[in-house]
Amino acid sequence: MLALTELGQRLRQERESKGLSLEDLQKLTKIQKRYLLGIEEGNYEVMPGKFYVRAFIKQYCEAIGLDTDAIFEEYKSDIPSTQTEDMPQQLSRVRSRKEIPQHTKGVSKAYDYLPTVLVVAGVVVVGIIIWVIAQNIVSDKNKEQANQEAPNSEVQQSNTQEETNETTAKNDNSKSEDEQIAADKKEQEKEKAEKEKAAKEKAEKEKAEKEKKDSGKQEYKEVQKTGRSATYALSGTDAFNLEVTSTQADTWLDVKNGKGNAFFSSILKKGETKEFDLTKETEARVNIGYSPGVELKVNGKAVDLPFDASKQVRQVVTIQYQPAEAQ
């Protein structure tokens with residue numbers, strides 16, 4: 001095994017202190033595990049190129065919450081500089097097409113088989129004529145038999161028709177009862193669905209009115225913004241409820257109060273939402289390792305992240321809270 005570089009040791013210690021395995025980090029950064037291990041061991045030979053070394057180290061740092069610029073400056077001797085790498089030139093191969101020669105011998109051979117073909121064709125024609133005559137004879141016999149059985153057939157047909165009519169009447173009555181039962185059941189289901197819909201709409205309306213009432217006096221404004229950190233002031237409300245949702249990918253999430261006590265410090269999986277009741281706190285610090293697709297809500301109201309997630313992947317949001325009754 002290779003000896004760890006100072007940078008590799010620093011990154012591994014920081015990762016392990018966060019309780020992250022290489023598999024967890026692979027999910028966060030989308031970088032293959034063998035490349036992450038190469039970064040920690042200083043084995044950059046496994047990378048596709050020196051450009052990728054710097055890019056992968058940057059993503060590694062952002063995922064575990066380290067300042068990338070400071071790391072690159074402190075360990076610049078461990079990190080290779082970027083240089084242009086020649087790409088192998090692809091060579092194309094062109095294959096020439098060969099002309100297909102004309103064969104003339106097959107024509108003369110066809111003439112040799114002509115007598116045999118004519119004999120076979122004659123046998124087939126004779127067979128068809130015999131089959132047609134036989135069919136005509138069978139058809140005449142069937143007509144005579146049908147004429148003899150016609151009277152009996154009419155009686156049987158009459159009896160069968162009466163039985164069919166009786167069966168049809170019974171089926172119609174049974175079908176009518178089944179249709180009525182199905183119609184009643186459908187009507188009951190419709191009424192039930194309408195009641196549930198009305199109850200849901202009423203609950204949503206009451207919730208919206210409550211949120212509107214609560215947020216009418218609520219004020220959430222920016223106090224300070226620098227680097228990848230921003231501070232906001234929350235006032236005009238007696239509640240401080242925070243919701244964090246990740247919609248695009250897994251992300252590292254760290255939520256602490258002003259005293260440094262952690263409410264959550266782990267991976268927030270894609271599609272997962274975490275809720276925090278911070279009403280008793282005066283300050284909350286939210287550290288987001290991978291901000292694209294992360295949504296924040298304060299007291300049920302969506303608030304924007306301070307920075308463009310495509311430009312600033314890791315973001316730190318500090319919210320200072322002052323209850324309305326204390327103002």
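**Exercise 1. Find the salt bridge between Glu 74 and Arg 10, and work out which parts the pair ties together.**

Solution. Start with the distance: the side chains of Glu 74 and Arg 10 meet in a salt bridge at 3.7 Å, N to O. That fits the rule, which asks for a side-chain nitrogen of Lys or Arg within 4 Å of a carboxyl oxygen of Asp or Glu. Next, place the partners: Glu 74 sits in helix α5 and Arg 10 in helix α1, so the pair ties together parts that are 64 residues apart in sequence. Helices here are DSSP runs (H or I, at least four residues) and strands likewise (E, at least two), numbered from the N terminus. Finally, check exposure: Arg 10 is partly exposed at 28% relative accessibility, where buried means under 20% relative accessible area, exposed over 50%, and partly exposed in between (1.4 Å probe, protein chains only).

A quick note before going on: this is a predicted model, so local features need pLDDT of at least 70 and side-chain atom pairs count only at pLDDT 80 or more, while totals for chains, interfaces and linings use all residues. Residues are numbered from 1 along each chain as its sequence is written, and side-chain values use heavy atoms, with hydrogens and water left out.

**Exercise 2. How many salt bridges does the rule give, and what do some of them look like?**

Solution. The count comes to eleven. Take Lys 18 and Glu 14: their closest N and O atoms are 2.8 Å apart, and Lys 18 is partly exposed at 23%. Then take Glu 222 and Lys 225, with closest N and O atoms 3.5 Å apart. Both of these count as partly exposed, Glu 222 at 43% and Lys 225 at 39%. Last, look for a network: salt bridges link Arg 12, Arg 15 and Glu 40.

**Exercise 3. Check the length of helix α4 and say what covers its buried residues.**

Solution. Helix α4 runs over residues 50–64, which is 15 residues. The expected span is 1.5 Å times one less than the number of residues, so 21 Å is what you should get, and the end C-alpha atoms are 22 Å apart, which agrees. Now list the buried residues: Val 53, Phe 56, Ile 57, Tyr 60, Cys 61, Glu 62, Ala 63 and Ile 64. Their cover includes α1 (6–17), α2 (22–29), α3 (33–41), α5 (68–74) and β4 (251–257). Right after the helix comes Gly 65, with a positive phi near 85°.

**Exercise 4. Is Leu 66 buried or exposed, and what does it touch?**

Solution. First, locate Leu 66: it is in the loop between α4 and α5. Its relative accessible area is 6%, so Leu 66 is buried. Contacts (heavy atoms within 4.5 Å), leaving out residues up to four places away in sequence, are with Arg 10, Leu 11, Glu 14, Cys 61, Ile 71 and Arg 314. For a long-range check, Leu 66 and Gly 289 are 223 residues apart in sequence but 9.4 Å apart in space, C-alpha to C-alpha.

**Exercise 5. Where do Lys 30 and Asn 299 sit, given that each has a positive phi without being glycine?**

Solution. Lys 30, with phi of about 65°, is in the loop between α2 and α3. Lys 30 is exposed at 62%. Asn 299, with phi near 55°, is in the loop between β8 (294–298) and β9 (301–303). At 15%, Asn 299 counts as buried.
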